[in-house]
Amino acid sequence: MAEVSLRERRQRLIERSDLGGTAFCRAYAQQADEWLAGLANRATEGNPRSLALLAVGGYGRGELCPYSDLDVVLVHDGHRNVGAVADAIWYPVWDEGVHLDHSVRRPTEVLAAAEGDLRVALGLLDARLVWGEPRVAGPLITEAVSLWRTTLGDKWLPTLSEQMAERHRIQGELAFLLEPDLKEAYGGLRDASVLRALAAYAPKLGDYVDIPSIEPAAALLTAIRVELHRRAGRALDRLLLQEQDHVAAVLHYQDADELMAAVSRIGRSIAWAVDDAWRRQPSWQPVREQRFGRRRNRPTPQRPPIEVEPGIEIVGQQIALGDDAALATDSSLAFRLAAAAAERDLPIAKSALRRLADRMPPAPDPWPIETREALVRLLLVGRAAIAALESLDQEDLITRLLPEWAPVRSRPQRNAYHRFTVDRHLLEAAADAAALAGGVDRPDLLVVGALLHDIGKGHPGDHTEVGIGLVERIGSRMGFSDRDIDVLVAMVRHHLLLPDVATRRDLDDPVTIERVAHAVGDPRTLELLGALAEADGLATGSSAWGPWKAGLVGELVDRTRAYLEGGPLPRAEGRLAEGHAHLVAEVSGGGRAAVVLDPPRVTVAAADRPGLLASVAGVLALHGLDVRSADATSAEGVAVEVFTVEVPRGSWPDSARLREDLEAVLDDRLVLEERLAARARAYAGERRAWSARTISPHVLTDNEASASSTVLEVRAPDEIGLLHRVTQALFDAELDVVSARMSTFGQEVVDAFYVRTANGEKVTDPERIRSVERAVLAAVG
């Protein structure tokens with residue numbers, strides 16, 4: 001009877017829909033063991049003398065996903081034909097198309113390799129015998145683990161820590177990525193293996209870090225990884241967007257959001273555990289001493305507890321609860337414990353977290369003032385507060401005090417704009433707000449408002465409207481005054497006001513400033529909203545906050561504050577021509593069109609003609625420049641257009657070529673549409689559908705946003721040449737674009753166009769408005 005190939009064995013397992021996760025991995029590992037043992041038996045004619053085939057690493061643990069590598073070591077104790085035996089095993093594996101990581105070594109050579117290679121040392125911690133003589137394998141495996149606990153662990157731990165940090169930097173955090181690498185990301189399967197390695201090195205680690213708790217988390221990641229391999233027909237460890245719905249259905253989740261929420265919880269659990277382990281290293285790492293030429297462990301000296309405040313003390317290198325801590329009656333205790341840890345950058349003792357979890361009741365309503373003060377104190381520590389709050393959250397302690405936290409815990413935000421889950425975003429925003437607290441007169445309202453500004457995202461409906469109701473209730477429970485609650489509500493209601501207005505509206509239009517002033521009401525609220533806008537943007541991601549947006553928001557805050565304090569409104573007309581009189585004179589005197597390149601601004605002055613702005617916008621797109629704002633005015637028959645641009649990739653384009661193309665388009669020597677279409681095709685692969693849903697383009701018309709112009713707001717997928725197409729459509733509709741503002745949110749843009757009719761008036765006819773909207777939508781496609 002012909003031997004069943006490994007590939008066929010694997011395929012039979014893959015086709016079993018009832019077999020997934022760790023059960024699949026164990027079954028496949030068993031099949032691989034039997035097949036490899038058969039090869040080895042045939043190569044040695046059933047005589048394994050002086051030979052042992054070891055499975056190491058993931059294969060050694062029995063974590064063999066459908067297309068995982070086989071990691072094996074053929075160990076020999078002086079076998080004469082070991083090379084022929086090895087070839088008789090390796091070549092059939094390669095013929096099967098299975099990836100193989102292999103070596104042939106004597107026991108002493110294996111241990112020497114572990115001395116020189118961290119990967120080898122870690123792989124041996126999971127070594128097991130697949131085939132051969134136990135007398136060859138057993139002592140080697142025992143010695144490898146013993147060496148790790150004595151000399152190799154001491155040697156390799158610093159390198160392991162450095163490699164892990166570098167991997168985290170490159171791969172990002174599993175909990176917050178749209179498409180996480182389940183194996184390599186921060187909080188993934190590789191980190192679970194690091195924890196096992198630390199536990200193998202230091203048995204005392206289990207006293208400080210709950211190692212068994214990571215196994216269910218790792219098992220779920222393994223189950224997802226198995227389905228990815230099964231679906232792709234190849235090794236695939238990145239949970240791609242297009243695979244998330246399928247994996248969710250196979251693993252019996254309601255939808256991809258529920259799956260990704262589970263992935264986020266798992267990633268945070270593993271990341272927290274591995275971070276916690278490294279933070280507590282002074283507590284669990286053996287202290288070595290040299291005696292009579294041999295190294296031996298000696299007990300770590302224990303210092304007496306140091307009380308830092310009532311019920312809280314420092315024990316060793318941890319913040320712990322004293323025996324007299326009032327767990328059942330002091331609702332401030334959890335926040336005070338976390339604040340003490342954050343202020344000293346020390347971990348919270350596991351025993352303290354468990355005591356709180358066992359005995360802390362829900363917070364009273366209203367809170368005692370000490371509880372609110374403890375929360376504010378914790379938040380104002382800043383970035384160190386995040387780890388302390390994560391520790392509380394691992395034991396579900398935050399929801400004891402703030403039940404509204406539960407719906408946002410590990411809630412994914414499945415778009416390229418946000419880099420964190422909702423709850424982590426709120427913690428990050430509060431930390432960033434703490435850094436800005438010195439610039440406001442109510443730091444407590446700033447950090448609490450930052451913590452709660454998106455609290456409505458855990459519920460159906462508009463998150464701002466939902467959040468307003470929640471914050472009214474939360475603020476009252478926390479014991480804030482009615483006036484302070486009004487400010488917190490305003491922070492939630494208007495947390496997007498300043499960045500939205502600054503990037504989508506003309507700050508020189510008096511209506512813009514009037515509207516913002518009316519919304520915020522007073523300078524204090526304006527000040528808090530300005531700081532919140534920055535903290536929210538920084539916590540959202542790199543695309544949400546940068547020098548350009550910071551400058552616009554700052555300018556909007558300054559102008560609005562001046563108006564609230566009795567200053568005049570800006571003038572809406574004549575602002576551009578005044579600064580460019582020399583360009584107007586140069587062009588009107590018969591000169592050629594003028595092009596001024598002054599990064600990040602591009603200024604063009606040319607004989608006024610319809611469609612000029614669309615043409616210039618097209619050239620800028622052709623050179624890879626993203627337009628953030630455009631302003632146009634005219635004098636003496638000369639149009640002056642000023643564009644503020646950003647370079648999304650690479651560096652500022654060649655100025656000579658940019659100037660040449662601008663002059664060519666002004667002289668009608670450049671056919672833009674063909675060039676733009678070619679560029680769009682070239683970058684089509686980069687424009688991915690980051691959002692799980694399709695971005696539906698739409699156009700809104702607002703005749704109240706400006707005193708003299710109609711504002712068209714366009715939402716659409718971000719595409720090369722979009723601004724050119726929209727402005728060309730507006731020109732074809734016989735409208736003049738006075739100014740434009742562009743904002744990008746991941747792969748979606750929100751562009752606002754200030755337009756007027758040929759007579760310089762607003763567009764007020766309803767039928768014409770509908771016609772313009774249809775034309776713009778057609779241009780967007």
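The second largest cavity in this predicted model has a volume of about 70 Å³. Its lining is made up of Phe335, Trp367, Leu375, Leu389, Ile398, Leu402, Trp405, Leu427 and Leu451. By class, these are 9 nonpolar residues, with no polar and no charged ones.

The largest cavity holds about 120 Å³ of space. It is lined by 16 residues, and those closest to its centre are Ala175, Phe176, Leu177, Pro412 and Gln413. Helix α11, which covers residues 256-279, supplies the largest share of this lining, with 3 residues. The lining of the largest cavity includes 5 polar and 2 charged residues beside 9 nonpolar ones.

The table sets out the lining classes of these two cavities.

| Cavity | Nonpolar | Polar | Charged |
|---|---|---|---|
| Largest cavity | 9 residues | 5 residues | 2 residues |
| Second largest cavity | 9 residues | no residues | no residues |

How many cavities of 30 Å³ or more does the count give? The count comes to 3 cavities. Rolling a probe the size of a water molecule over the atoms shows where empty space is left.

The cavities belong to a chain of 781 residues, of which 55% are buried. The chain contains 32 helices and 17 strands. Its C-alpha atoms fill a box of roughly 100 × 70 × 50 Å along the principal axes. Among contacts in the chain with a separation of 6 or more, 70% are between residues 24 or more positions apart. The chain exposes about 33500 Å², and carbon and sulfur atoms supply 49% of that area.

Technical notes:
Residues are numbered from 1 along each chain as its sequence is written. This is a predicted model: local features need pLDDT of at least 70, side-chain atom pairs count only at pLDDT 80 or more; totals for chains, interfaces and linings use all residues. Side-chain values use heavy atoms; hydrogens and water are left out. On a 1 Å grid over the protein atoms alone, a cavity is a set of points where a 1.4 Å probe fits but cannot get out, and a pocket is an open set with protein on both sides within 12 Å along at least five of seven lines; lining residues have an atom within 4 Å of a point. Grid points are joined across faces, edges and corners, and a volume is the space filled by probe spheres set on the points. Helices (H or I, at least four residues) and strands (E, at least two) are DSSP runs, numbered from the N terminus. Ala, Val, Leu, Ile, Met, Phe, Trp, Tyr, Cys and Pro count as nonpolar, Asp, Glu, Lys and Arg as charged, and the others, Gly among them, as polar. Buried means under 20% relative accessible area, exposed over 50%, partly exposed in between (1.4 Å probe, protein chains only). Contact means heavy atoms within 4.5 Å. Accessible areas come from the Shrake-Rupley method with a 1.4 Å probe; for residues, only the protein chains shown count as cover.
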